Amino acid sequence: MKIGLIYYSGTGNTRKVAESLKERLESNGHTAIIDEITIEGNTPAQAGKFELTSVPDPRSYDAAVFGAPVQAFNLNPVMKAYLDKLPGMDKLDTAVFITKQLPLLWTGGTGSVAQVKSALEARGANVLGTQIVVWSGKKREQSIRECLDSIGNLFNG
Ligand SMILES: Cc1cc2nc3c(=O)[nH]c(=O)nc-3n(C[C@H](O)[C@H](O)[C@H](O)COP(=O)(O)O)c2cc1C
């Protein structure tokens, strides 16, 4: 299966997870393609103060994984702007991962997952799985491993 890894990363954490996911998906026999959302503007991006310079089209793939960081207890504004531009994705299989620093639940992770998931579903995609990767010291390795084990194996059936 040709799987697109569509993500925004401000400081590189989300990119690192996407790159590891690419390796895992490829070791499971897929072709995984990094397709980064990019902007022109300062980081951290502020709503209305950047332009999207790359808007990946998920319809180019047999399946797509979407990744983004939490910013200020919310979904990063770049991913929000990207979601507004998403086309219809008739039954495309997808997954979502969110990266964040803080281990506590109320600091933006669950809300960000829900926001991406509902945008994808509103455009007809099937969301097969979601993961939150916590970046703070102790949890990081385990959290990345859980994300790779889960999303890395979602498209094998
Ligand atoms: C401006 C800013 C605000 C952030 N706000 C939060 C937050 O509210 N909750 C949280 O858990 N992490 C927060 N973080 C941490 C990032 O979500 C985390 O480092 C993430 O992995 C960054 O991904 P990236 O390197 O792909 O941009 C914030 C980071 C920045 C730069």
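**Ligand shell, helices and strands**

Colleague: How do the residues of the shell around the ligand divide by class?
Modeller: This is a predicted model; local features need pLDDT of at least 70, side-chain atom pairs count only at pLDDT 80 or more, and totals for chains, interfaces and linings use all residues. Residues are numbered from 1 along each chain as its sequence is written. Ala, Val, Leu, Ile, Met, Phe, Trp, Tyr, Cys and Pro count as nonpolar, Asp, Glu, Lys and Arg as charged, and the others, Gly among them, as polar. The shell divides into 7 nonpolar, 11 polar and 2 charged.

Colleague: Which residues are the closest to the ligand?
Modeller: A residue is near the ligand if its C-beta atom, placed from the backbone, lies within 6 Å of it. By that rule, 20 residues surround the ligand. α1, β5 and β7 each supply at least two of the shell residues; helices (H or I, at least four residues) and strands (E, at least two) are DSSP runs, numbered from the N terminus. The closest are S9, G10, N13, T14 and P69.

Colleague: What arc holds the buried residues of α1?
Modeller: Buried means 20 or more other C-beta atoms within 10 Å of a residue's own, exposed 12 or fewer, partly exposed in between, with C-beta atoms placed from the backbone. In α1, T14, V17, A18, L21 and L25 are buried. They line one face of the helix, because the directions from the helix axis to their C-beta atoms fall within an arc of 100°.

Colleague: Which residues are exposed on the other side of α1?
Modeller: The buried residues of α1 pack against β1, β2, β5, β7, β8 and α4. Contact here means C-beta atoms, placed from the backbone, within 7 Å. On the other side, the exposed residues are E23 and S27.

Colleague: Is S60 buried or exposed?
Modeller: S60 sits in the loop between β4 and β5. It has 12 other C-beta atoms within 10 Å, so S60 is exposed.

Colleague: What is the bridge partner of Y7 in β2?
Modeller: 5 of the 6 residues of β1 are buried, so β1 is largely enclosed by the rest of the structure. β1 and β2 pair in the parallel sense over 6 bridges; pairing takes at least two DSSP bridges. The partner of Y7 is E36.

Colleague: Which exposed residues does α3 carry on the face turned away from its buried side?
Modeller: The buried residues of α3 are G109, S112, V113, V116, A119 and L120. They fall within an arc of 135°, so they line one face of the helix. The face turned away carries S118 and A122.

Key: Contact = placed C-beta atoms within 7 Å.
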